[in-house]
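Thank you all for coming. I would like to take a few minutes to walk through one structure, beginning with its enclosed space and then moving on to charged pairs and a few secondary-structure elements. Please have a look at it first.

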Amino acid sequence: MSDPNRRPDVLIRNVTAITVDPQRRVIEKAWIAVTGDRIAGIGSAGMDEPVEAGEVIDAGGMVAIPGLIDSHSHAGHGLVRAAGAGDTNAWFEACRRIYARVATPSFWRAEQALVQLERLRGGVTTAVSLLGGGADIYRTDDAAAGDAHCAATMESGLRTIMAVGAGRAPFPQRYARILADGGLEEFDLTFERQMEVSAELIGRWNDVLRRRTGVCLVMPVYYAGEVEDAASRRVVVRMGEAMMALREETGVIFTQDGHRDGSIALARDLGVLGPFALLGHSVDLTSADLAALGETGAAIVHNPSAIMSIYGRCPVPELLEAGVTVCLGSDAAAPDRGFDMFRHMAQCMHYHRRHFRDPSYLPPGKTLEMATIDAARALGLQADLGSLEAGKKADIVLVDMQKPHLYPPTMPVTKIAHFASAADVDTVLVDGRVLMRGRRIAHLDEPGLLEAAAGEAKRAFERAGLSHLLVEPPDYWRVSQRRFADAPAD
């Protein structure tokens, strides 16, 4: 913890602080002192306020919030976003071909650098990022992809918890890699190899509070129909046992992507749930699923902007009433969503208010909690992240409220959750270091990162033979009456 008697390295003055602390204080004309990588103090103007500091930021007209936390996203998707022009099957095929065959370490590094730039500009200081996804494709045949991802994280100055693990049974799976001469080498990838690489990456990179690179484990979601026969169930049980053994050995958290309709209860029965588990999407849950959450203490990550939230509904208000920890994720970036957590907060509120036809559901403060302190709690990081309090990590975001859509200057919590966007973020600190100020990012070569991302995406789609998926079709401009006829009654 920082020495309270030391002159602060950074002093933020004249700011409205939405602390998200246990008292949920909103302090007008506040000051926040930062010493080293921690918040040394926070209070009202004139009350024990330091008189000098290494750097003073006059934040008049701004609101300070804790760094936002995106609890579910996908590495790789930043360079595959929008592919397929709304054809979900085509997009999944693009993920499969690119991630499991032609994606090089430079692809993974360029993608993460691009995504971190977007997150930084939007005040997202911590994120969980699955190393692949789509159809359960995780690039853990060797450590090169994960190494590249984490190297880009360190360069950005933000925090990422990279989720690594194994794909879906049966094994072995057919993967490929690009050789130095540009050729393609195919090979069989086993579950055991993916677990070995995951353990290697955990040992090398899992230090999210000090080095800002964390690692967690991921395993596909299985549904009842996939484990009906004894042989299939034995395979999945062995996968879960191996995953849980490595998780217990390393102390990392565990996540899954795509729960629905009884799969949480099955995961409990397979032995992979506990307070260490963060379960993605979780739509159309059954009473058995709700009971499993209560028994195990697993947390839910809600992705209101995701396609899965169109197919089914995550019962967030009901989960909160039952005492389940629920946090917010972007599920970004592809095929139709980005990393703007302000946008996902607003979407979250409208999503559930529309369901209940009641505008009082999910108030703005609770929704902000889901992207800050509740997310930190789900990740086991609530002692260090998620709120503006003395002793916690100095991950601080300043939002410029002097904009027409954020005026008049009243009700800051409502304005942040309903009306703010990533473009309103002015200043970002992580570990006490100013990474962006006045929308200027001095430590990153933004034009270079954009150019590298464009080049890697182009090469990946060409190698995969999928360049045609990057062309917008003419039916973008037409509305299908047939689809209206097939739609369910409101």
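**Cavities, pocket and salt bridges**

The largest cavity is lined by Pro66, Gly67, Ile69, Thr125, Thr126, Asp384, Leu385, Gly386, Ser387, Lys392, Lys393 and Asp395. I should say at once that what we are looking at is a predicted model, and that every value I quote is computed from it. The space in this largest cavity comes to about 60 Å³, and its lining divides by class into three nonpolar, five polar and four charged residues.

Let me stay with some of those charged residues, since Asp384, Lys393 and Asp395, which are among the residues lining the largest cavity, also turn up in a network of salt bridges that links them with Asp37, Arg38, Arg159, Arg212 and Asp431. Within that group, Asp37 and Lys393 form a salt bridge in which the closest N and O atoms are 2.6 Å apart. Asp37 sits in the loop between strand S2 (26–35) and strand S3 (38–44), while Lys393 sits in the loop between helix H12 (373–378) and strand S17 (396–400), and the pair therefore ties together parts that are 356 residues apart in sequence. How accessible is each partner? With a relative accessibility of 28%, Asp37 counts as partly exposed, whereas Lys393, at 4%, counts as buried.

In total the structure holds 42 salt bridges, and I will pick out two others. One of them is between Lys403 and Asp424, whose side chains meet at 2.9 Å, N to O. This pair, too, links distant parts of the chain, with Lys403 in the loop between S17 and helix H13 (412–419), Asp424 in the loop between H13 and strand S18 (425–430), and the two positions 21 residues apart. Lys403 is partly exposed, its relative accessible area being 22%, and Asp424 counts as buried at 3% relative accessibility. The other is between Glu318 and Arg313, where the N to O distance is 2.8 Å; here Glu318 counts as partly exposed at 33% relative accessibility, and Arg313 counts as buried at 15%, the cut-off for buried being under 20%.

Now back to the cavities. How many cavities of 30 Å³ or more are there? The count comes to two, and the second largest has a volume of about 40 Å³. Its lining consists of Met219, Pro220, Tyr222, Gln256, Ser263, Leu266, Ala267, Leu270 and Val272, and helix H6 (residues 263–269) gives the most to that lining, with three residues. By class, the lining of this second largest cavity has seven nonpolar and two polar residues, and no charged ones, which can be set beside the four charged residues in the lining of the largest cavity.

Open space is a separate matter, and for that we turn to the largest pocket, which holds about 490 Å³. The pocket is lined by 23 residues, and those nearest its centre are Phe92, Gly134, Asp257, Gly258 and Met308. Helix H1 (88–102) and helix H8 (308–311) each supply at least two residues of the lining, and it is H1 that gives the most, with three. The classes in the pocket lining are eleven nonpolar, six polar and six charged residues.

Asp257 lies among the residues nearest the pocket centre, and position 257 is also the end of strand S13 (residues 254–257), which runs parallel to S14 and is joined to it by four bridges. Phe254, for example, has Ala277 as its bridge partner in S14. In a regular strand the side chains alternate between the two faces of the sheet. In S14 (residues 277–280), both faces are covered, with Ala277 and Leu279 buried on one side and Leu278 and Gly280 buried on the other.

Finally, a word on one helix. Helix H3 (residues 144–156) has 13 residues and reaches 19 Å from its first C-alpha to its last, which is close to the expected 18 Å. Its buried residues are Ala145, Gly146, Ala148, His149, Cys150, Ala152, Thr153 and Ser156, and the helix is followed by Gly157, whose phi is positive, near 90°. I am happy to go back to any of these regions on the screen.

Methods
Residues are numbered from 1 along each chain as its sequence is written. This is a predicted model: local features need pLDDT of at least 70, side-chain atom pairs count only at pLDDT 80 or more; totals for chains, interfaces and linings use all residues. Side-chain values use heavy atoms; hydrogens and water are left out. A salt bridge is a side-chain nitrogen of Lys or Arg within 4 Å of a carboxyl oxygen of Asp or Glu. Buried means under 20% relative accessible area, exposed over 50%, partly exposed in between (1.4 Å probe, protein chains only). The expected span of a helix is 1.5 Å times one less than its number of residues. On a 1 Å grid over the protein atoms alone, a cavity is a set of points where a 1.4 Å probe fits but cannot get out, and a pocket is an open set with protein on both sides within 12 Å along at least five of seven lines; lining residues have an atom within 4 Å of a point. Grid points are joined across faces, edges and corners, and a volume is the space filled by probe spheres set on the points. Ala, Val, Leu, Ile, Met, Phe, Trp, Tyr, Cys and Pro count as nonpolar, Asp, Glu, Lys and Arg as charged, and the others, Gly among them, as polar. Two strands pair if DSSP finds at least two bridges between them.
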